[in-house]
Amino acid sequence: MKYLLQDLKVRINDKIYIKDPESSALGKRIIESSIVMIHEMGFESFTFKKLGEKIGSNESSIYRYFENKHMLLLYLTSWYWGWLEYQLVFATNSISNTEEKLKKAIEIITRSVKEDSSFSHINEILLNKIVINEYSKSYLTKEVDEENKEGYFSIYKRLVTRIKDMIVEFNNIYPYPSSLSSTVIEGALHQHFLKEHFQSLTDCNQKITPTKYFTDLVFNSIR
């Protein structure tokens, strides 16, 4: 899997960006530094002006890649879901047993992220933290319906569908496969957030992982 991922290019909806940041050294610096800065200061405090100062480039040069920071956040979160989807596909493709396949999928969706050396300009650990803390800001907007029509959330929706299909393969009479799938993906983010910030509101800790919790939840629901 490691070697397969070395040639991976996560394909993002080209309506999200003006110029593909993967196409130039400056674009890759924009992505690399924005991840670090959003993680450090939060999305609200992050600006293109601060990013330009960080990378030693004019603020206007960043606008040649992204219309605004909301579109940049959509790009980063879309990249994350696409990267996660590739891991899911590679790890489960050869598993024929439906139970083991679903367990592996839950593990990949809910586990703590490790950095992937295949992408030198993207720190997946920090990006995961951004998704945990900031992902809801990409869709809790007045424009969400229009952006959905434009396909901005297609990778995330495709990931939900993949898990849903595995649930159906295991038990095709379970009536709520889409709801359960989206609950696992969104819930994993929430449990990691609670584990980090509100320990009294979750049973997840150093011994009980979100993976263990969601595996139990899913299979107790669908057996």
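**Entry 1: confidence**

I began with the confidence scores of this predicted model. The protein chain has an average pLDDT of 94, and 96% of the residues reach at least 70. Next I looked for a weak stretch. Over residues 1–6 the pLDDT stays under 50. For those residues I noted that the model has twelve contacts beyond four places in sequence.

**Entry 2: H2 against H5**

Then I turned to helix pairs. Two packed helices are described by the angle between their axes and the distance between the axes. My first pair was helix H2, residues 25–41, with helix H5, residues 69–92. Their axes are 11 Å apart and the packing angle is about 95°. An angle of 65 to 115 degrees counts as roughly perpendicular, so that is how H2 and H5 stand to each other.

Which residues of H2 and H5 meet? From H2 I wrote down Ile 31, Ser 34, Ile 35 and Ile 38, and from H5 Leu 72, Tyr 75 and Leu 76. Sorted by class, the residues of this contact are six nonpolar, one polar and no charged.

**Entry 3: H7 against H10**

My other pair was H7 with H10. Here too I found an angle of about 95°, while the axes lie 9 Å apart. H7 and H10 are therefore roughly perpendicular to each other. On the H7 side, Val 131, Ile 132 and Asn 133 take part; on the H10 side they meet Leu 189, His 192, Phe 193 and His 197. I sorted this contact as well, and it has four nonpolar, three polar and no charged residues.

**Entry 4: the largest pocket**

Now for empty space. Rolling a probe the size of a water molecule over the atoms shows where empty space is left. The largest pocket holds about 280 Å³ of space. Of its 14 lining residues, I found Asn 128, Lys 129, Ile 132, His 192 and Glu 196 closest to the centre.

Which helices supply at least two residues each to the lining of this pocket? They are helix H7 (124–134) and helix H10 (177–197), the pair from my previous entry. The pocket lining has six polar, four nonpolar and four charged residues.

**Entry 5: the largest cavity**

How many cavities of 30 Å³ or more does the structure hold? I counted one. The largest cavity has a volume of about 60 Å³. Among the residues lining this cavity are Tyr 80, Trp 81, Leu 84, Arg 111 and Ile 185. Asn 128 and His 192 are also in the cavity lining, and I had already met both of them at the largest pocket.

H5, helix H6 (98–110) and H10 each bring at least two residues to the cavity lining. H10 gives the most, with four residues. By class, I noted seven nonpolar, three polar and one charged in the lining of the largest cavity.

Technical notes: Residues are numbered from 1 along each chain as its sequence is written. This is a predicted model: local features need pLDDT of at least 70, side-chain atom pairs count only at pLDDT 80 or more; totals for chains, interfaces and linings use all residues. Side-chain values use heavy atoms; hydrogens and water are left out. On a 1 Å grid over the protein atoms alone, a cavity is a set of points where a 1.4 Å probe fits but cannot get out, and a pocket is an open set with protein on both sides within 12 Å along at least five of seven lines; lining residues have an atom within 4 Å of a point. Grid points are joined across faces, edges and corners, and a volume is the space filled by probe spheres set on the points. Ala, Val, Leu, Ile, Met, Phe, Trp, Tyr, Cys and Pro count as nonpolar, Asp, Glu, Lys and Arg as charged, and the others, Gly among them, as polar. Axes are lines fitted to C-alpha atoms, for helices over the stretch in contact, and angles run from 0 to 180 degrees between N-to-C directions. Angles under 35 degrees count as roughly parallel, over 145 as roughly antiparallel, 65 to 115 as roughly perpendicular and the rest as oblique. Contact means heavy atoms within 4.5 Å. pLDDT is the predictor's confidence in each residue, from 0 to 100.
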